[in-house]
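Work through the two exercises below with the sequence and the model open beside you. Each task is followed by its solution, set out in steps.

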Amino acid sequence: MAETSQTDVSFVPDDEWKLHFKKSDQVAFYRRQMQGPKHQYRALLDSLVLTEKGARLELLDPKTQTKLLLSVSACKNDTVRIFIDELQPIKPRYRVPDVIRSELQCEQLRVDRQTKDHVVLSWSTGLHRVRVWSFPFRLEVLCADEVMVTFNSESRLWLETLQEPLRGTSDGVEDDTSSLWKETFREFVDFKANGPSSVGVDLRLHGFDHVYGLPEHADRLQLRDTRDGEPYRLYNLDVFAYKLSSRLGLYGSVPLLVSHRPDRTLGLFWLNASETFVNVHYSSAEQDDQTPPVKRMRTQPHTDVHWLSESGVIDCLVLLGPGPQQVFSQYAQITGFQALPPLFALGYHQCRWNYDDEADVKAVDAGFDRHDIPYDVIWLDIEHTNGKRYFTWDPVHFPEPAALQRHLDTKNRKLVVISDPHIKVDPDWSLYCEARDGGHFIRDRQGQIFKGVCWPGESSYLDFSRPDTRAWYSSCFSLSKYKGSTPSLFVWNDMNEPSVFYGPEQTMPKDAVHYGGWEHRELHNLYGFYQR
């Protein structure tokens with residue numbers, strides 16, 4: 001939920017809206033991949049090794065002599081996983097943790113056929129196979145003898161290797177490559193600790209001309225061909241009064257794309273939490289009124305999907321269906337099944353910014369009864385707290401929160417209150433001190449506790465990527481610690497894009513530092529996931 005008022009510092013007037021959020025041509029890694037040369041990798045077939053979890057082999061860029069490591073695995077739920085990393089990185093690259101709920105169960109691969117040009121791998125009954133072509137490298141996923149997906153069909157494979165920091169990137173001395181190590185947007189400078197580290201690849205979906213997914217965007221259900229404008233952007237942002245028919249990222253990002261035709265459904269899951277762009281090209285869009293009808297009938301449609309991410313590794317899962325139900329079951333087996341909501345959550349919820357006090361809440365509640373309108377839940381926004389300190393209650397306007405909850409509970413109604421991930425900087429507040437002393441806050445690139453501005457004013461942000469922080473945060477909701485709470489109180493998480501007023505694109509700087517020394521750029525789209 002995005003709130004606004006006359007004093008809302010996150011409000012963006014319509015004529016300034018485009019200045020606060022980036023277009024793709026303002027993003028350096030996107031420009032590099034779209035404008036840079038294609039790297040035609042060679043798959044070194046003689047390096048093929050079969051393992052318990054699949055197969056791996058090396059990829060070589062003949063021009064730069066860069067070597068990558070390709071891993072292919074076939075999971076028992078009809079999913080093919082394609083994973084590419086540097087062969088010998090100078091340090092580990094970020095791999096998204098915790099999203100895949102458990103280690104995937106893999107089938108034993110076998111070599112069906114191998115020539116100097118390609119190798120064919122199969123598993124189980126042999127219905128599905130993987131064919132790896134040597135040069136230019138591409139990987140095909142087949143069902144029976146039909147090619148369903150081609151990975152790297154247009155040689156868009158891109159992986160910028162990590163580098164040691166260059167002299168001049170942090171001490172003010174400039175050199176020819178310093179622009180790769182820092183990026184400027186408006187007044188903000190983003191320092192890249194590892195230099196350029198983006199990844200990308202294209203996939204062709206054969207026989208498909210309808211693709212869906214990539215939430216969250218204010219656009220139509222079927223994804224549009226992006227040659228007429230911006231790519232789809234996956235980058236969580238707090239966008240007040242967002243535009244319709246826009247491919248700008250909004251509050252959440254799910255890198256799942258589904259392709260569908262009457263006899264087949266496939267899914268692509270791109271497991272990367274950094275800023276990501278997706279270009280969609282339909283082959284049907286390349287035809288015009290001058291294309292002969294016979295040629296149109298004979299030409300099999302296809303859709304090209306090009307993924308580009310700022311950092312991390314290439315980790316792509318192909319969900320083989322064959323139907324929509326199977327695709328979503330495969331996705332749920334990988335990431336976890338949705339918990340059933342409590343029954344009251346399916347009823348009518350009443351929410352307004354803001355209810356003045358307990359008397360106001362009770363008056364609204366009585367009004368529903370008086371007009372015989374059923375409802376199950378009433379929500380309180382941030383003003384119910386003591387000075388916008390979460391886990392507190394305003395002592396003047398909400399002095400008896402437990403009694404208010406019991407009053408609602410007698411009618412089988414619940415109360416929901418807001419909780420945001422930013423914590424008001426207040427050395428006299430015990431919860432802030434607990435978080436500070438427990439090492440639960442994100443740091444800036446100099447190692448100090450990061451401070452930004454949000455509803456309470458100066459705030460620090462909890463580092464939910466740290467397991468100890470998640471455990472501590474969970475304890476804050478206990479009935480004994482959250483004073484004034486009862487079993488009929490529920491919580492609404494908000495502002496966890498994360499929203500940082502006056503920050504770059506009104507979010508956290510990418511060079512902020514999380515648990516394990518990882519930059520925020522690596523896991524931006526995971527932040528809200530971890531608060532849940």
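**Exercise 1.** Locate S198 among the secondary-structure elements, decide whether S198 is buried or exposed, and find its polar partner.

Solution. First, S198 is found in the loop that runs between β12 (188-191) and β13 (199-206), where strands (E, at least two residues) are DSSP runs numbered from the N terminus. The model is predicted, with pLDDT of at least 70 needed for local features and 80 or more for side-chain atom pairs, while totals for chains, interfaces and linings use all residues. Residues are numbered from 1 along each chain as its sequence is written, and side-chain values use heavy atoms, with hydrogens and water left out.

Next, S198 counts as buried because its relative accessibility is 0%, buried meaning under 20% relative accessible area with a 1.4 Å probe and protein chains only. Then, leaving aside residues up to four places away in sequence, S198 touches ten residues' worth of surroundings that include F29, R93, W158 and E310 (contact: heavy atoms within 4.5 Å). Finally, the side chains of S198 and W158 are joined by a polar contact of 3.3 Å, that is, a pair of N or O atoms within 3.5 Å, of which, within protein, one must be able to donate a hydrogen and the other to accept it, and residues adjacent in sequence count only if both atoms are side-chain atoms.

**Exercise 2.** Which side chains make polar contacts with the side chain of Q350, and is Q350 buried or exposed?

Solution. Begin with the position: Q350 lies in strand β21, residues 349-351. Its relative accessibility of 15% is why Q350 counts as buried. The side chain of Q350 makes a polar contact of 2.8 Å with that of Y348, and another, of 3.1 Å, links the side chains of Q350 and Y355.

Terms used. Helices (H or I, at least four residues) and strands (E, at least two) are DSSP runs, numbered from the N terminus. Buried means under 20% relative accessible area, exposed over 50%, partly exposed in between (1.4 Å probe, protein chains only).
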